[in-house]
Structures are given as C-alpha cells and as structure tokens.
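Hi,

Here is the structure I promised to pass on to you. Have a look at it first, and my notes follow below.

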Amino acid sequence: MTPGINVAKKNKVSHKIHEYSHDETTESYGLEAAEKLGVIEQRIFKTLVVMLDDKTLAVGIIPVSAMLSMKLIAKAVGAKKANMADKSDVERSTGYVLGGVSPLGQKKALRTIVDASANHYASIYVSAGRRGLEIELSPADLIKLTNGMLAKICQ
C-alpha cells in the first residue's frame, strides 16, 4: 500500500486500484497509463507541482493529454505567477518520486486545484503513489480528500 491508497481506505472512499507493468523507457507516464489500462487520455490525470511567486508550492491535477496554464493556476490560488517546481522540491514536499506523484497522501498538504474537466467523468484516474499504479475515484472524492478546488487550469 502507498500513502495515497491508505488515505482513500482510511476515509472509506470508493476507489479501484489499477496496476500495470511500467516501461522505464517511456517518456510520458500518463499516456503510458492510458494505453496500458485501455482508458481514454482525458480520464487519466497527472499531478503537477508548481512554485508560486510567494515561494509556496501548489498542486495542479490535469488530464495527461493537456498542458497546465501557469497563468490560470496562479489565478486560481490568488498568486501573481507560477512556475514548475524543482524536482527536489517536489519530491521533498510530496514524499513521492516524479512520475509517481500522487495527489493523495503527500507528506505536506499543498493547495490543490483539479482541472474542471474532471467533472465530465464519473471517475478519473490519478497516480496512487508509484509508477505503474493508478487509483480510480470520483472527482468529488478527490477534491474532498485533497481539500482541493475545481477550476479551469489547462491551456
């Protein structure tokens, strides 16, 4: 079990775990998950960590087929600017390695914004905390478990 799965279990949230054989040579973990799980790309969401202008971190959860808008995520959290966080900051604050960063069970609770497109689906997939492991749950449960909010944050 990963910390992300443990959070879902502890809170008695309906979820499914999906595991697949991760290929170390792949360049896009999210697109690999969509292909290997047979799920459309728009339902597989990636977890991205950004550094805001006040030097705090925030999490953006967007479809793997989309690009994060730095302007929109900054606006969603009331910041002036956002940039992708350094790998070391991401791993230190979340407790996960890149490619396996789950929005659930992070070491430090960060402000979390889920792209509004998540509401188009009854369930979405996010990393369960390691490469090759996804957790499927409703967007509403993801928002509840991360104390997050819904906003349009894709370009």
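In helix α3 (residues 70-77), Ile73, Ala74 and Val77 are buried, where buried means under 20% relative accessible area, exposed over 50% and partly exposed in between, with a 1.4 Å probe and protein chains only. These three cover an arc of only 100° around the axis, so they sit on the same side of α3; the arc is that of the directions from the helix axis to the C-beta atoms. Lys71 and Lys75, on the other side of α3, are exposed. The buried residues of α3 pack against β2 (45-52), β3 (57-63), β4 (82-84) and β5 (111-115), with contact meaning heavy atoms within 4.5 Å. After α3 comes glycine 78, with a positive phi near 80°. Helices (H or I, at least four residues) and strands (E, at least two) are DSSP runs, numbered from the N terminus.

A word on the source: this is a predicted model, in which local features need pLDDT of at least 70 and side-chain atom pairs count only at pLDDT 80 or more, while totals for chains, interfaces and linings use all residues. Residues are numbered from 1 along each chain as its sequence is written, and side-chain values use heavy atoms, with hydrogens and water left out.

The mean pLDDT of the protein is 95, and 100% of its residues reach 70 or more; pLDDT is the predictor's confidence in each residue, from 0 to 100. Among the elements, β3 has the highest mean pLDDT (98), and helix α2 (residues 29-37) the lowest (88).

β3 is also a good place to look next. Seven of its seven residues are buried. β3 pairs with β2 in the antiparallel sense over seven bridges and with β5 in the parallel sense over four bridges; two strands pair if DSSP finds at least two bridges between them. On the β2 side, lysine 46 has isoleucine 62 of β3 as its bridge partner. The β2-β3 hairpin has four residues between the strands, and lysine 55 there takes a positive phi near 70°.

Isoleucine 61 lies in β3 and counts as buried because its relative accessibility is 0%. Isoleucine 61 stands opposite valine 114 in β5. Its C-alpha atom is separated by 5.6 Å from that of lysine 46, although the two residues are 15 apart along the chain. Not counting residues up to four places away in sequence, isoleucine 61 touches a list of residues including Phe45, Thr47, Ile113, Val126, Leu142 and Ile153.

Now to the open sheet. Its three strands have the order β1-β7-β6, with antiparallel pairing. β1 (16-19) and β6 are the edge strands, each pairing on one side only. From one strand to the next, the twist averages 35°; axes are lines fitted to C-alpha atoms, for helices over the stretch in contact, and angles run from 0 to 180 degrees between N-to-C directions. β1 and β7 run antiparallel and are joined by four bridges, and lysine 16 stands opposite glutamate 136 in β7. Two helices pack on this sheet. α1 touches β1, β6 and β7, and its direction makes about 25° with that of β7. α5 touches β6 and β7, at about 105° to the direction of β7.

Glutamate 136 turns up again with serine 123, which lies in the loop between β5 and β6. A polar contact of 2.6 Å joins the two side chains; such a contact is a pair of N or O atoms within 3.5 Å, and within protein one must be able to donate a hydrogen and the other to accept it, with residues adjacent in sequence counting only if both atoms are side-chain atoms. Serine 123 is buried, with a relative accessible area of 13%.

Finally, helix α5 (residues 139-146) is mostly covered, with six of its eight residues buried. Its buried residues pack against α1 (3-10), β3, β5, β6 (124-130), β7 (133-137) and β8 (149-151). One residue to look at in α5 is threonine 146, which counts as buried because its relative accessible area is 11%. A polar atom of its side chain lies 3.4 Å from the backbone oxygen of isoleucine 143. Threonine 146 also touches Pro103, Leu104 and Thr112, leaving aside residues up to four places away in sequence. Asparagine 147 follows α5, with a positive phi near 55°.

Best wishes
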